[in-house]
Amino acid sequence: MTAYPDLETYRRSLFDREDELLAGIMPAAVARGMPDISVNAETGQALNLLARLIGARRILEFGTLAGYSGIWLARALPPGGLLVTNEFEPLHAEIAGENFRRAGVEERVRIVLGSALDVQPELAEYGPYDLVFIDTGKEIYCDALDFALEHTRPGGLILGDNTDCFGQGNEELEPDHPAYGIQVFNQRIATEKRLQSMIIPVGSWLSVSRVLENPE
């Protein structure tokens, strides 16, 4: 049996896995000038698993980047399923589109280009959603949550990435701090009566919220 220096390394050795196509996405994207801020393979595995567990047919993603997390989500969809993914930067959307084609999931993906706040009417047209994944500008996490609460079916899931607040979630952050919006988001999902929520410590921490059918 292999010995590991710590439990975190042991866990990741089992579940932090990806195929060759996925492994090449972010290095190629970074070489074209994109920031290296995608979810890791462990989080991708979790996204795929959660989408399959609830039988998701309609998924919304805030923050396409290079399409890495979107491929994990799109692969979880059954025939006829749809991933709607929103991206602000045209270059990111272009690269993501290329990666969706390479992954063979292009027909089940719609990229909606523009500010998440500006394109909400278009995003609403594709709903209601079974799962919403929030991984966009941290200052608008709560805006994305408000939209998700109105457009996710009862029993569906709302997920949020980076909920460790870049390792500073336990600190008292100022409103101008990059992670402040996530800290407020975490407080919101912890107290929102329409949700049952938990944070799973995979990757940069993934929040998982179930939309309740009969909130108290």
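## Strand E7 and two helix environments

In this predicted model, strand E7, which spans residues 206-211, is mostly covered, since five of its six residues are buried. Strand E7 pairs with two other strands, E5 and E6, as the table sets out.

| Strand pair | Bridges | Direction | Residue pair |
|---|---|---|---|
| E5 and E7 | four bridges | antiparallel | Leu 159 with Val 208 |
| E6 and E7 | six bridges | antiparallel | Ser 197 with Ser 209 |

The hairpin formed by E6 and E7 has five residues between the strands, and within this hairpin Gly 203 takes a positive phi near 55°.

Strands E5 and E6 also appear in the surroundings of helix H7, where the cover over the buried residues includes strand E5 (152-160) and strand E6 (195-200), along with strand E1 (58-62), strand E4 (129-134), helix H6 (120-125) and helix H8 (180-191). Helix H7 itself covers residues 141-151, and the residues buried there are Tyr 141, Cys 142, Ala 144, Leu 145, Phe 147, Ala 148 and Leu 149.

A separate helix packing involves H1 (residues 7-15) and H3 (residues 41-53), whose axes lie 9 Å apart and meet at an angle of about 60°. Because an angle of about 60° falls outside the range of 65 to 115 degrees that counts as roughly perpendicular, H1 and H3 are oblique to each other. Their crossing is left-handed, and the contact is made by Arg 11, Arg 12 and Phe 15 from H1 together with Ala 41, Glu 42 and Gln 45 from H3. By residue character, this contact of H1 with H3 comprises three charged, two nonpolar and one polar.

Key
Residues numbered from 1 in each chain as written. Predicted model: local features only at pLDDT ≥ 70, side-chain atom pairs only at ≥ 80, totals over all residues. Heavy atoms only, no water. Buried < 20%, exposed > 50% of the residue type's maximum accessible area, 1.4 Å probe, protein only. Contact = heavy atoms within 4.5 Å. Axes fitted to C-alpha atoms, helices over the stretch in contact; angles between N-to-C directions. Parallel < 35°, antiparallel > 145°, perpendicular 65-115°, else oblique. Left-handed = near helix turned anticlockwise from the far one by under 90°. Nonpolar A, V, L, I, M, F, W, Y, C, P; charged D, E, K, R; others polar. Pairing = 2+ DSSP bridges.
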